[in-house]
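Colleague: I have this model open at my bench and would like a close look at one part, the surroundings of the ligand. Which residues surround the ligand? Please then set them against the rest of the fold.

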Amino acid sequence: MANSNIACIIAEHVTMHFDGKMLFSVQHLSFSQADVIYLQGDNGSGKSTLMKLLAGLSIASEGSITAHGFEKSHWWRKDGLVGKALYLHQHPYLFDGSVKYNLTFAAKQASKNKQLLTKRVEQAIEMAQLGHLLDNSASNLSGGERQRLAMARAWIIQPTLLMLDEPTSNMDKPSQLLVLDMIKQLKEEGTGLLLSSHQACGLTSLCNKHWFITNKQIKVSDDAPHNSDQTLLTTMELNYAN
Ligand SMILES: Nc1ncnc2c1ncn2[C@@H]1O[C@H](COP(=O)(O)OP(=O)(O)OP(=O)(O)O)[C@@H](O)[C@H]1O
């Protein structure tokens, strides 16, 4: 049963099929504001599909996925899953226009007062090191820069729940560390996170739960991911701190 004080998304008896073939099934999943979950699975096991289901962007073949503890939507919007957990695709969609425009647009989605928002946008630019790119067209950015911009937008919005699909896949190590810092800060500010990554880039050290897709089942563990990932992170952080 969901704790009504905390925002969460709950999946019950969910199965996902494509073209008549089962991709995965799971009895029960709960993703809440208190969680930082590491989602692991081989290529094609269904990590992105699961995130899209939890974001309300796809519909499960069987079972139910419901949101609890969120503020009521505006009267004109159906109270469903869409808009509850923000999903950041590994090849993020950016708006036509400049980097600055993309950040300003994100700021319009955030429910903060103007002064706080201006400060948060400035901080995001600094944290993601986008200052020298502000007037560049977003369509001309490199893969890693696009991901940094998408991360900065999410950081400005500061969602209740955020799902990051391979957020550092196109990044060099300094950029990975910038993004790691932004994710850490969101965690401290109370955003629940679901993170998928094939790289041991430090993300796993933030996680307090582990979902693992194997043999078409999603296994849930309340343990932090394996320590060896964290050792790799520490080594990398030390290398780049010096
Ligand atoms: N809309 C769709 N129609 C048919 N098949 C799909 C659809 N979306 C995803 N699939 C298939 O489902 C499987 C899982 O895809 P998904 O992108 O969720 O995997 P993933 O674990 O995120 O992979 P990767 O680690 O490579 O990013 C793949 O075989 C993919 O081709």
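Modeller: Happy to help; I will start at the ligand and work outwards.

This is a predicted model, in which local features need pLDDT of at least 70 and side-chain atom pairs count only at pLDDT 80 or more, while totals for chains, interfaces and linings use all residues. Residues are numbered from 1 along each chain as its sequence is written.

Around the ligand you will find F18, D19, L23, G41, N43, G44, S45, G46, K47, S48 and T49, where a residue is near if its C-beta atom, placed from the backbone, lies within 6 Å. By type, that shell has 7 polar, 2 charged and 2 nonpolar residues. Here Ala, Val, Leu, Ile, Met, Phe, Trp, Tyr, Cys and Pro count as nonpolar, Asp, Glu, Lys and Arg as charged, and the others, Gly among them, as polar. Helix α1 (residues 47–54) supplies the largest share of the shell, 3 residues.

Stepping back, the protein has 6 helices and 9 strands; these are DSSP runs, H or I over at least four residues for helices and E over at least two for strands, numbered from the N terminus. Of its 242 residues, 38% are buried, meaning that 20 or more other C-beta atoms, placed from the backbone, lie within 10 Å of their own; exposed means 12 or fewer, and partly exposed is in between.

The largest nonpolar core holds 61 residues, and F31, I37, L54, A152, M163, L193 and L195 touch the most other members. Such a core joins buried Ala, Val, Leu, Ile, Met, Phe, Trp, Tyr and Cys residues through C-beta atoms within 7 Å. Helix α4 (residues 143–157) gives this core its largest share, 8 residues. Beyond its neighbours within four places in sequence, F31 is in contact (C-beta atoms within 7 Å) with residues including C8, I37, L54 and L194.

Helix α2 (residues 99–109) has V99, N102, L103 and A106 buried. These lie on the same side of α2 because they cover an arc of only 95° around the axis, taken from the directions from the helix axis to the C-beta atoms. Their cover includes α3 (114–127) and α4.

A last word on confidence: the average pLDDT, the predictor's per-residue confidence from 0 to 100, is 87, and 86% of the residues score at least 70. Over residues 227–242, though, pLDDT is below 50. The model scores ipTM 0.98 and pTM 0.88.

How values were computed: Contact = placed C-beta atoms within 7 Å.
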